[in-house]
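Student: Please take one charged residue in this model and walk me through its surroundings. I would like a close look at that single part.

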Amino acid sequence: MAYDVQKTDEQWREELSAEEYAVLRQAGTERAFTGEYTDTETEGTYSCKACGSELFTSDTKFHSGCGWPSFYQPMTDTVEYIEDNTHGMKRVEVRCAKCGSHLGHVFPDGFGTPTGDRYCINSISITLNEKK
């Protein structure tokens with residue numbers, strides 16, 4: 001798929017830290033309960049760390065207890081969904097629709113949320129832009 005933001009692998013490596021590159025460009029995962037935004041309740045908008053595209057709002061963030069920031073829905077058309085059958089699991093990967101960077105996965109176990117979904121997102125994949 002062609003993305004609005006396209007860069008070479010070398011450009012991504014220059015712009016991202018080794019840890020950011022491993023998650024965003026190689027679909028890695030940060031360790032549970034270590035991410036910057038796991039428990040934050042700060043109001044604002046979460047953007048893709050790689051390209052700056054707005055993805056989620058704090059209004060849709062909730063405490064799921066899974067160890068990663070959880071949201072029950074993205075902003076309209078900001079993410080894409082990829083079937084992920086790695087590691088012997090059947091999951092749905094969530095990527096930034098603007099640059100194709102890996103954000104995390106979505107699961108249908110967001111009990112008590114308006115959508116019933118839990119977008120399990122790596123803190124290292126996003127940046128919080130605090131509400132003024």
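Tutor: Start with a term. A salt bridge is a side-chain nitrogen of Lys or Arg within 4 Å of a carboxyl oxygen of Asp or Glu. Keep in mind that this is a predicted model.

Now look at Lys61. Lys61 sits in strand β3, which spans residues 61-62. Lys61 is buried, yet it has no salt bridge. The nearest side chain of opposite charge is Asp39, 6.3 Å away. The cut-off is 4 Å, so Asp39 at 6.3 Å does not qualify. The side chain of Lys61 does have a polar partner: one of its polar atoms lies 3.1 Å from the backbone oxygen of Thr40.

Next, the wider surroundings. Leaving aside neighbours within four places in sequence, Lys61 contacts Tyr37, Thr38, Asp39 and Thr40. Tyr46, Pro69, Ser70 and Phe71 are also on that list.

Follow two of those names onward. Tyr46 and Phe71 also touch Phe56. Other residues touching Phe56 include Thr45, Met75, Val79, Tyr119 and Ile121. Phe56 belongs to the largest nonpolar core, which has 22 residues. Leu55 and Phe56 have the most contacts inside that core. Among the elements giving two or more residues to this core are β1 (44-48) and β2 (54-57). In soluble globular proteins, nonpolar side chains tend to be buried together.

Finish with those two strands. β1 and β2 pair in the antiparallel sense over 3 bridges. Thr45 stands opposite Thr57 in β2. Their hairpin has 5 residues between the strands, and Gly52 takes a positive phi near 85 degrees there.

Key:
Residues numbered from 1 in each chain as written. Predicted model: local features only at pLDDT ≥ 70, side-chain atom pairs only at ≥ 80, totals over all residues. Heavy atoms only, no water. Helix = DSSP H or I, 4+ residues; strand = E, 2+ residues; numbered from the N terminus. Buried < 20%, exposed > 50% of the residue type's maximum accessible area, 1.4 Å probe, protein only. Lys, Arg positive; Asp, Glu negative; His and termini not counted. Polar contact = N/O pair within 3.5 Å; in protein donor to acceptor, adjacent residues only side chain to side chain. Contact = heavy atoms within 4.5 Å. Core = buried A, V, L, I, M, F, W, Y, C linked by side-chain atoms within 4.5 Å. Pairing = 2+ DSSP bridges.
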